[in-house]
Every structure is written in C-alpha cells, then in structure tokens.
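Visitor: Please take a close look at one part of this model, starting from a single charged contact, and follow it outward through its surroundings. Keep to geometry and accessibility.

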Amino acid sequence: MTWYLKPYGLPKPKINRDYTRLIWNGKHYPPGTYNILKGTSITASISIKNEGDPGKVRVVIWDSYENKAIFSRDMDMSAGQSTDVSHTFTMDRNYAIKIITYYLDPADNTYKKYDEYG
C-alpha cells in the first residue's frame with residue numbers, strides 16, 4: 001500500500017472591509033488619501049480572515065505616494081482563522097494608504113499579493 005500526502009492549498013487572506021479602518025481624532029475612515037495635519041497620530045485597524053488553507057500570510061500598510069511599506073507583519077494563519085492587526089504611526093507628510101495582504105507560496109518561497117483595500 002502506498003501513502004500519498006495531500007498537499008495543502010494556499011492561504012487566502014481576505015481583508016474584512018467592514019472592520020478595517022484608519023482612526024484619528026476619534027473618527028473612523030476607510031483606507032485612502034486624506035489631507036491630515038502633520039503630527040496627527042493615526043491607528044490602522046485591520047481585520048483579515050484566511051478563507052483558504054493554513055499557511056503564512058503578510059499584512060502590509062502601504063503608502064502609494066512614497067511607494068513603500070509603513071508597516072508589515074508576517075504571521076501563520078490556520079484555515080478559517082480571523083485576526084486583527086493594528087499599528088499606530090504619526091503623520092510626518094501626506095500619505096495615500098492601502099492595506100494589502102499576501103500569502104507565502106511554498107512552490108517558490110515568495111509572497112504573492114492576494115487582497116488590497118484603499
């Protein structure tokens with residue numbers, strides 16, 4: 001008798017748009033482009049759910065103006081798991097904020113974009 005291991009599929013880290021917000025001065029806003037006073041503290045509150053198989057995912061707060069990450073976190077997620085990630089930063093210039101999720105593809109050991117909001 002020969003045993004075969006069924007390979008796992010890939011994680012699918014979906015951003016929950018109802019619960020993903022930028023928060024400053026006590027108000028909640030979706031990710032996007034805003035004119036905000038320099039020195040303002042902003043909290044990005046991000047909610048994601050893995051709608052795929054277990055695996056490694058990456059959540060990134062991306063600034064389109066500078067074309068670089070403000071924040072990034074890698075984590076292991078089980079199938080069906082939901083999690084919240086938050087990060088607070090201070091405005092030192094104008095930002096165009098996007099939230100992006102990636103999954104690690106074990107076939108070539110690289111992260112690939114899955115979802116984007118903003």
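Guide: The side chains of Arg-58 and Asp-74 form a salt bridge, with 2.6 Å from N to O. This contact joins distant parts of the chain, since Arg-58 belongs to strand 5 (residues 55-63) and Asp-74 to strand 6 (residues 68-77), 16 residues apart. The model is a predicted one, and the values below are to be read with that in mind.

How exposed are the two partners? Arg-58 is partly exposed, at 24% relative accessibility. Asp-74 is also in the partly exposed class, at 41% relative accessibility. Neither value falls under 20%, the limit for buried, so neither Arg-58 nor Asp-74 counts as buried.

Arg-58 has a further contact: its charged end sits over the ring of Tyr-111, 3.9 Å from the ring centre. Arg-58 thus takes part in a salt bridge with Asp-74 and in a contact between charge and ring with Tyr-111.

Strand 6 also holds Ile-70, which is partly exposed, with a relative accessible area of 23%. Along the chain, Ile-70 and Arg-58 are twelve residues apart, and 13 Å separates their C-alpha atoms.

The salt bridge of Arg-58 is one of a set: the count for the structure comes to eleven salt bridges. Another of them joins Lys-14 and Asp-115, whose closest N and O atoms are 3.8 Å apart. Lys-14 lies in strand 1 (residues 13-15) and Asp-115 in strand 9 (residues 110-117), so this pair ties together parts that are 101 residues apart in sequence. The accessibilities of the two ends fall into separate classes: Lys-14 is partly exposed, with a relative accessible area of 32%, whereas Asp-115 is buried at 7%.

Lys-112 and Asp-105 make a further salt bridge, and here the closest N and O atoms are 2.7 Å apart. Lys-112 is partly exposed at 28% relative accessibility, while Asp-105 counts as buried at 12%. Salt bridges also link four residues into a network, namely Asp-63, Glu-66, Asp-92 and Arg-93.

The aromatic contacts come next. A search of the whole structure gives five aromatic pairs. In one of these, Trp-24 and Tyr-34 have ring centres 5.2 Å apart and planes at 65°, so the pair is edge-to-face. Trp-24 is in strand 2 and Tyr-34 in the loop between strand 3 and strand 4, so the pair ties together parts that are ten residues apart in sequence. Trp-24 is buried, with a relative accessible area of 8%; Tyr-34 is partly exposed at 23%. Tyr-29 joins these two residues, as ring pairs link Trp-24, Tyr-29 and Tyr-34 into a cluster.

Trp-24 leads on to its strand. In a regular strand the side chains alternate between the two faces of the sheet. Strand 2 (residues 21-24) has Leu-22 and Trp-24 on its covered face, with Arg-21 and Ile-23 on the uncovered one.

Which strands pair with strand 2? Strand 2 and strand 4 (residues 41-50) run antiparallel and are joined by three bridges. Strand 2 also pairs with strand 3 (residues 27-29), in the antiparallel sense and over three bridges. Ile-23 has a bridge partner in each: Thr-43 in strand 4 and His-28 in strand 3. Strands 2 and 3 form a hairpin with two residues between them, and in the turn Asn-25 has a positive phi of about 50°.

Leu-22, from the covered face of strand 2, is also a lining residue of the largest cavity. The search of the whole structure finds one cavity of 30 Å³ or more, and the space in the largest cavity is about 60 Å³. Its lining includes Tyr-34, Ile-36 and Ile-42, along with Phe-89, Met-91, Tyr-95 and Ile-97. Gly-32 is also among the lining residues. Tyr-34 therefore appears twice in this account: in the edge-to-face pair with Trp-24 and in the lining of the largest cavity.

Definitions and conventions: Residues numbered from 1 in each chain as written. Predicted model: local features only at pLDDT ≥ 70, side-chain atom pairs only at ≥ 80, totals over all residues. Heavy atoms only, no water. Buried < 20%, exposed > 50% of the residue type's maximum accessible area, 1.4 Å probe, protein only. Helix = DSSP H or I, 4+ residues; strand = E, 2+ residues; numbered from the N terminus. Pairing = 2+ DSSP bridges. Phe/Tyr/Trp six-rings, centres within 6.5 Å; stacked < 30°, edge-to-face > 60°. Lys NZ or Arg CZ within 6 Å of the ring centre and 35° of its normal. 1 Å grid on protein atoms, 1.4 Å probe; cavity = no way out; pocket = protein on both sides within 12 Å on 5 of 7 lines; lining within 4 Å. Points joined across faces, edges and corners; volume = space filled by probe spheres on them.
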